Amino acid sequence: MNLLITRHDKIGDFVVTLPLFKAIKEQYPNTKLTALVGKINFDFAKKIPFIDDVILFDKENLDTTLKQIKEKRFDASISCFIDTTLGKLLFKSAIKIRVAPATKIAQIFFNKRIKQRRSKVEKTEWQYNLDLAKLLFPNIKLDFTKPLLSFDVKKENRVVFHPGFGGSSDGNLSLDDYISLAKKVSQTSKKAVFTFGPDDAMSKDYICSKVDFEVEIFDSKMTLFEFTKYIASSYIFISTSTGPMHLAGATNTKTISFFGDSLFASSKRWATISEEKNQNNFMLSSDYTKEEYNKIENCLMGILND
């Protein structure tokens, strides 16, 4: 089968589709898997060994994207997230079987739909994505080898903090509390590192102005794939629910992760793709208490002293 799998939005949203790719490739190795992704994930997707080909969802030039899809002559497509623009694009491409969740008005452009009711949050987002495979592969086992992404790297003695907010994150520590955690780390044998993306300039400036202890400031100007390798070589990754958190989970790196205290934003929906023993998930409201912070600090120190 020549199969197109689409997820054309953010980093974390793409990462939670990777179990779908990997399960299909491991159990049906003759299936050619092509990913349709946005610009932010394009080069990253090309590096993933269980993805055979990548097409750019170029929202500025959809005619080119449509031409490339048509040229590949796909037997079927699976879309993990849909909108009207994507629906029209795949409909015009004349892919005969178009699988999608039965959600939004955009579902009219797809001819194989499954009611998932993701708002009920009965499983994680990556498990919902994996379920879509059943419409094409009824006998598929919803399983794959872990870690999702493997790197031949040595674990370094660093604790990485990534305080930036992600699209689905409604819960996070204050920058001052991130600094407090990093100071605790600096008093151990581990090295505290803050990483920042291109949109995190204000957070970076604030933290740099406040730290009065040894800490490394790391601007992640490397490629997304190289940054994932960097995360994989870290001892633990601490962040809000954002793309880099999902990259850490994909490499089975230990995480301390912060989520909103609503069901929609919780770890029940957005937990990482890693072994549960490596996940330390905290639901936080905007006015979380000192006691809640202390639980997080105690969790971190317990891991470092283990």
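This section describes the overall dimensions of the protein and the arrangement of a six-stranded sheet with helices packed on it.

The structure is a predicted model, and its secondary structure comes to 12 helices and 12 strands. For a chain of 306 residues, a compact globule would be expected to have a radius of gyration near 19 Å, and the value of 20 Å computed for the protein therefore agrees with that expectation. Along the principal axes, the C-alpha atoms occupy a box of roughly 60 × 35 × 35 Å. Of the 306 residues, 57% count as buried, while the area that the protein exposes is about 14,400 Å², of which carbon and sulfur atoms supply 48%. Among the contacts with a separation of 6 or more, 60% are accounted for by residues 24 or more positions apart.

Six strands, in the order β3-β2-β1-β4-β5-β6, form an open sheet in which the pairing is parallel. The edges are taken by β3 and by β6 (112–114), each of which has a single partner strand, so that one side of each is left without a neighbour in the sheet. From one strand to the next, the twist averages 20°.

The pairing can be followed in detail from β1 through β2 to the edge strand β3. Strand β1 (residues 2–7) runs parallel to β2 and is joined to it by six bridges; within this pair, Leu3 has Leu33 of β2 as its bridge partner. Helix α2 (residues 18–27) packs on the sheet, where it touches β1, β2 and β4 (76–79), and the direction of this helix makes about 170° with that of β2. Helix α3 also packs on the sheet, in this case touching β2 and β3, and the direction of α3 makes about 165° with that of β3.

On the other side of the pairing of β2, strand β2 (residues 32–37) and strand β3 (residues 53–56) run parallel and are joined by four bridges, with Val54 of β3 serving as the bridge partner of Ala35. Helix α3 (residues 39–46) belongs together with these two strands to a β-α-β unit, which is right-handed. Strand β2 thus takes part in the bridges to β1 and in those to β3, and is touched both by α2 and by α3.

Definitions and conventions
Residues are numbered from 1 along each chain as its sequence is written. This is a predicted model: local features need pLDDT of at least 70, side-chain atom pairs count only at pLDDT 80 or more; totals for chains, interfaces and linings use all residues. Side-chain values use heavy atoms; hydrogens and water are left out. Two strands pair if DSSP finds at least two bridges between them. A crossover is right-handed if, with the strands pointing away from the viewer, the path from the first strand over the helix to the second runs clockwise. Axes are lines fitted to C-alpha atoms, for helices over the stretch in contact, and angles run from 0 to 180 degrees between N-to-C directions. Contact means heavy atoms within 4.5 Å. The radius of gyration is taken over C-alpha atoms; the globule rule is 2.2 Å times the number of residues to the power 0.38. Buried means under 20% relative accessible area, exposed over 50%, partly exposed in between (1.4 Å probe, protein chains only). Accessible areas come from the Shrake-Rupley method with a 1.4 Å probe; for residues, only the protein chains shown count as cover.
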